[in-house]
Structure formats: structure tokens, C-alpha cells
Amino acid sequence: MIRDPKDLKRYDASERANHWVVGISFILLALSGLAFFHPAFFPLTQLFGGGTWARILHPYIGVFMAFFFVLMFLRFKHLNKMTDADREWLGRAKEMMDGNDHNMPEQGKYNGGQKMMFWCMTLCMVLLTVSGIFIWRAQFSVPVDLARFGAVIHAAVAAIMIAMIMVHVYAAIWTKGTIRAMWYGTVTRAWAKQHHRAWYRQMTGK
Amino acid sequence: MALQSLDIKQRSATTTPSPQARQTIEIAKLIDVSACIGCKACQVACMEWNDVRDEVGNCHGVYDNPMDLTEKSWTVMRFSEIEEQGKLEWLIRKDGCMHCADPGCLKACPAPGAIIQYANGIVDFHQENCIGCGYCVSGCPFNVPRISKTDSKAYKCTLCSDRVAVNQAPACAKACPTGAIQFGSKEDMKDYAAKRITDLKERGYEKAGLYDPAGVGGTHVMYVLHHADKPDLYSGLPVNPSISPLVALWKGATKPLATLALAGVALGSLFHYVMKGPNEVSKEIEKEIEKEDAQ
């Protein structure tokens with residue numbers, strides 16, 4: 001295990017654990033949820049011990065995820081306030097995606113895209129939790145129109161959230177040297193200087 | 001029970017066609033509300049034939065007993081006292097599954113083969129494939145399916161699919177002492193209803209008519225109503241039932257669009273990587289850091 005002592009600490013152990021608890025819950029929820037969403041995905045219920053088990057487990061995993069998501073939200077919300085630099089970053093996001101980050105404004109610990117992701121995820125989680133309660137027939141019974149409304153919202157928002165998580169995962173794969181921040185907490189100084197220069201200055205005093 | 005494997009028209013959560021080689025005649029049960037005396041023989045016959053016994057409940061001071069459909073009471077008589085043109089009328093409707101041609105339950109069901117529509121029109125629940133999610137309850141425009149508290153499976157009237165499969169009339173029709181429940185081909189039932197309606201009209205029920213709502217493609221349980229213009233008089237029979245637009249949206253456009261969108265995002269990411277390459281730290285910055293360290 002070679003670690004440069006000058007690497008910058010991006011996440012502490014409990015932040016990382018929190019992230020992965022939410023992440024694993026999300027994967028289980030996405031797999032079981034897709035199974036109910038489209039017949040093509042129904043075989044995924046086998047991963048959970050069959051259709052009935054998938055139906056039983058899905059909402060409990062949802063409650064579990066919602067709880068740990070709230071903890072994660074409280075940990076990170078102060079770092080995700082939108083600034084003018086973030087708005088400018090978002091306006092130039094296309095340049096970034098084309099692989100040209102020369103004109104991108106300096107970013108703090110999170111860039112505008114990450115902050116957008118944070119707030120969109122939060123909104124999705126609120127909608128999914130509330131609509132999930134409406135369709136959790138084993139525990140709650142609500143008027144049928146509310147259950148129908150809940151089912152549409154739950155399906156549509158879940159699809160949006162799965163798409164956003166794909167983008168989230170891809171962004172981590174695309175930006176080399178990022179994933180280690182969530183495995184063992186550190187990033188190189190060069191990485192920080194390249195992608196989050198304001199945070200780099202704050203951490204190193206340079 | 002999949003007794004008629006070749007006569008399946010639709011199967012829940014299945015995107016390929018069901019075996020369709022054999023064609024069977026479309027059947028229907030006709031409930032002539034004007035001939036019903038509210039004896040509940042149909043309720044008894046249903047429990048008897050299907051070997052289900054509901055909990056003994058309490059008297060609520062009305063004739064309805066049990067008060068609602070349950071996982072063990074697949075049909076109940078609903079009694080309503082109304083005043084029409086200054087006359088008291090006692091309307092008694094045998095409630096239960098309507099066996100829609102366009103079944104909302106089947107559309108909503110996520111479990112392959114848990115809900116089957118036979119070519120003869122019967123919509124049947126196959127509890128061994130049911131996962132207990134209750135989506136059928138959301139899908140139904142008539143509020144019919146019930147989820148058991150004991151086993152979490154959905155239950156409802158089978159239209160005695162097992163009896164019909166061997167050319168027997170449903171148990172309720174067999175037991176009805178007044179002929180208020182008729183059973184036969186849908187065509188014959190419509191003819192029979194037409195005669196009843198003519199008779200009712202002659203007796204002063206000008207708005208008498210057949211309840212076979214087009215919004216769900218017609219049903220395989222039909223009613224002869226003395227007030228066909230006001231079905232809601234009959235303990236809230238829906239005036240113009242159809243699959244809720246929310247269910248149609250959820251199980252219609254959302255499914256393929258969202259699936260395509262997710263595939264698009266996954267493939268888009270892959271090709272972005274392939275075409276634009278990774279977002280690496282520039283050599284320039286790495287050198288700057290190395291220079292700092294050397295100092």
C-alpha cells in the first residue's frame with residue numbers, strides 16, 4: 001500500500017461508509033425496482049429469492065436507504081451551496097464534456113455539476129420515499145387515486161434517478177483518480193489542482 | 001389454474017403473444033338486477049363451490065353481509081334504497097369482478113402469468129405467480145381485487161373458470177332461484193338482455209338498459225339495469241369506467257420510454273469515453289507538483 005503522505009484527504013471513513021451504504025442500497029433498489037417496472041427485467045427478482053421476496057424487501061431497503069441518505073444529506077449540504085462560479089461552470093459544461101477544461105472557472109470541493117447532482121438526488125429521494133409510501137400496500141392503504149399517482153411518480157422518478165446515478169458513476173470513471181477518494185479517502189494534489197483548484201488552494205494554502 | 005393452456009388471450013407482464021391456435025366462444029354472465037330478490041344464494045354458492053369460508057362478521061344493521069368484497073368473499077350483494085320519481089326503490093346489485101375485455105388489473109400486474117385473460121373473456125388470477133404487490137388493485141376501475149392479510153395474494157371472482165372449462169355455468173348462476181343470473185355466450189346474453197329491457201320499458205322503466213361499458217372494451221359480467229342512465233344509483237357502479245389515465249401512463253408510455261432512456265444513458269457514457277477519452281490530470285500540473293516537491 002503506497003500512499004503519498006502529501007495526498008489530500010477528501011473523505012473520512014464515516015463519510016465513505018455512509019456513501020457506500022447508500023450506494024449498495026440504491027443498487028439493490030434499482031435491481032428489484034426495475035423488475036417490477038418492465039417484464040424484461042422481471043428475472044432480476046431471482047437475485048432476491050423470487051418475486052414475492054423482491055416485493056417484500058424492496059420497501060424496507062427503501063426506508064433503510066432514505067435514512068442513510070438523510071445522514072449523507074446533512075453531512076454534505078453545506079458544501080453544495082450554488083455559487084456564481086458554479087452557474088458559470090454549468091453554462092460551460094459542454095466544453096468540459098468535450099474534454100476541454102481550459103476555460104472552466106475554478107471550482108471548490110464540488111463543481112456545479114456535482115452540486116446539481118446533489119440537489120437533484122435529494123429531490124428524487126423525497127419524491128421516491130413519499131410516492132413509495134403510497135404504493136407500499138403491505139403497510140399503508142391510501143385512496144386508490146393516490147396509489148395510482150404514486151405508482152406513476154415512483155416509476156418516472158426512479159428512472160430519472162437511475163439515469164443520474166449512471167452519470168454519477170460514469171463521471172467518476174471518466175475523471176481518472178477520482179474513485180480512490182471513495183475507496184480510501186485521498187486524492188493526489190495534482191488531481192485536486194486540476195479539477196478543484198479552489199479546494200486545492202484551501203487545503204494546501206497555495 | 002391453467003386449465004385452458006391453448007385458450008389464453010393475454011398474460012400479465014408478458015410481451016410476446018400467447019398461444020392462439022384455438023378460438024373459443026366469448027362467454028358472459030348477465031345479472032338482471034330487476035329480477036334479483038337479494039337472497040344471497042349466489043354468495044353461498046360461490047363459497048361452496050370455491051371452498052372459501054369468510055370470517056363470520058357482525059351485523060351492521062343493513063342487509064349487506066359481508067359489508068365488502070374480501071379475499072374470501074368474491075361476490076357480495078349490495079343493497080341500496082333510493083327514491084326515483086317519488087317512489088322508493090330497493091336496488092340490489094351482485095358485485096364482483098366484471099371480467100373486462102381490457103382488464104386494468106392485468107395491465108398493471110408486474111408478475112408474469114399472475115393474471116390470465118382467457119379467449120372466452122374470463123380474467124383469472126393465478127395466485128401461485130402472484131407476488132402480492134397490489135398493483136391489480138390500483139389497475140382495477142371497479143375496486144374488485146382484494147389482497148389477503150394472511151398470504152398477501154390477490155383474490156377475486158374467477159367466473160368459475162374451472163366450471164366453465166367443462167361447460168358448466170358458474171356456481172352463482174346455477175344457484176340463483178329467480179333466473180336473475182344468466183350465463184351463456186356473450187351474444188346470447190345480449191339478446192336475452194334486449195328482451196328483458198323491452199319488458200322493463202313496457203313496465204315504465206324508460207331508461208332501462210344494458211351495462212356493458214365500452215370504456216373497458218365491454219365486460220363479461222353485464223347488468224340489466226332499470227336505470228341504465230344512472231348506474232351510480234346501484235351502490236356506486238361506475239358511470240363510465242375505464243383504466244385510469246394514470247395507470248395507462250405508468251404501464252403505457254413510461255415503460256418503453258424510460259427503458260430506452262436508461263439504455264441511452266448507459267451507451268452514451270460508454271461512447272463518450274470511447275470518443276472523448278478519459279479526463280486525466282494534465283502532465284503540466286503533475287510537473288508543477290513534482291517541482292514543488294523537489295524544492
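**View 1. Ser25(A) and its surroundings in helix H1 of chain A.** In this predicted model, Ser25(A) has its place in helix H1 of chain A, which covers residues 13-37. Within 10 Å, Ser25(A) has 19 C-beta neighbours, and because a residue needs 20 or more to be called buried, Ser25(A) counts as partly exposed. When the neighbours within four places in sequence are left aside, the residues in contact with Ser25(A) are Ile61(A), Phe64(A), Met65(A) and Phe68(A). His58(A) stands 33 residues away from Ser25(A) along the chain, and the C-alpha atoms of these two residues are separated by 9.6 Å.

**View 2. Chain A as a whole, with its elements and its confidence.** Chain A contains 9 helices and 2 strands, which follow one another from the N terminus in the order β-α-α-α-α-α-α-α-β-α-α. Taken along the principal axes, the C-alpha atoms of chain A fill a box of roughly 60 × 40 × 30 Å, and of the 206 residues in the chain, 29% are buried. Among the contacts in chain A between residues at least 6 apart in sequence, 61% join residues that are at least 24 apart. The average pLDDT of chain A is 94, with 99% of the residues scoring at least 70. Confidence in chain A is highest in helix H2 (residues 51-76), at 98, and lowest in helix H4 (residues 93-97), where the mean is 89.

**View 3. The contact between chain A and chain B.** The contact draws 40 residues from chain B and 35 residues from chain A. On the side of chain B that touches chain A, the elements giving two or more residues are helix H3 (135-139), helix H7 (245-251), helix H8 (254-276) and helix H9 (283-294) of chain B. H8(B) gives the most to this side, with 11 residues. By residue type, the side of chain B that touches chain A divides into 22 nonpolar, 14 polar and 4 charged residues.

**View 4. The two assigned domains of chain B.** The domain assignment of chain B places residues 5-249 in domain 1 and residues 253-294 in domain 2. Between the C-alpha centres of domain 1 of chain B and domain 2 of chain B there is a separation of 56 Å.

**View 5. The open sheet of four strands in chain B.** In chain B, 4 strands form an open sheet with mixed pairing, in the order E9-E2-E11-E10. The edge strands are E9 (181-185) and E10 (209-211) of chain B, each of which pairs on one side only. Neighbouring strands of this sheet are turned against each other by 25 degrees on average, with direction ignored. At one edge, E10(B) and strand E11 of chain B (residues 221-225) pair in the antiparallel sense over 3 bridges, and here Gly209(B) has Leu225(B) in E11(B) as its bridge partner. Helix H6 of chain B, formed by residues 186-202, lies across E2 (27-32), E9, E10 and E11 of chain B, and runs at about 135 degrees to E9(B).

**View 6. Strand E2 of chain B and its two partners.** E2(B) is joined to E9(B) by 5 bridges, the two strands running antiparallel, whereas E2(B) and E11(B) pair in the parallel sense over 4 bridges. In these pairings, Ile31(B) has Ile181(B) in E9(B) as its bridge partner, while Leu30(B) has Met222(B) in E11(B). Because 6 of the 6 residues of E2(B) are buried, this strand is largely enclosed by the rest of the structure. Both faces of E2(B) are covered, with Ile27(B), Lys29(B) and Ile31(B) buried on one side and Ala28(B), Leu30(B) and Asp32(B) buried on the other.

**View 7. The hairpin of strands E3 and E4 in chain B.** Strand E3 of chain B (residues 76-84) and strand E4 of chain B (residues 87-95) pair in the antiparallel sense over 9 bridges. At the end of this pairing that leads into the turn of the hairpin, which has 2 residues between the strands, Glu84(B) stands opposite Lys87(B) in E4(B). Within the hairpin of E3(B) and E4(B), Gln85(B) takes a positive phi near 50 degrees.

Terms used. Residues numbered from 1 in each chain as written. Chains lettered and ligands numbered in written order. Predicted model: local features only at pLDDT ≥ 70, side-chain atom pairs only at ≥ 80, totals over all residues. Pairing = 2+ DSSP bridges. Buried ≥ 20, exposed ≤ 12 C-beta atoms within 10 Å, placed from the backbone. Contact = placed C-beta atoms within 7 Å. Domains from an automatic or database assignment. Axes fitted to C-alpha atoms, helices over the stretch in contact; angles between N-to-C directions. pLDDT = per-residue confidence, 0-100. Nonpolar A, V, L, I, M, F, W, Y, C, P; charged D, E, K, R; others polar.
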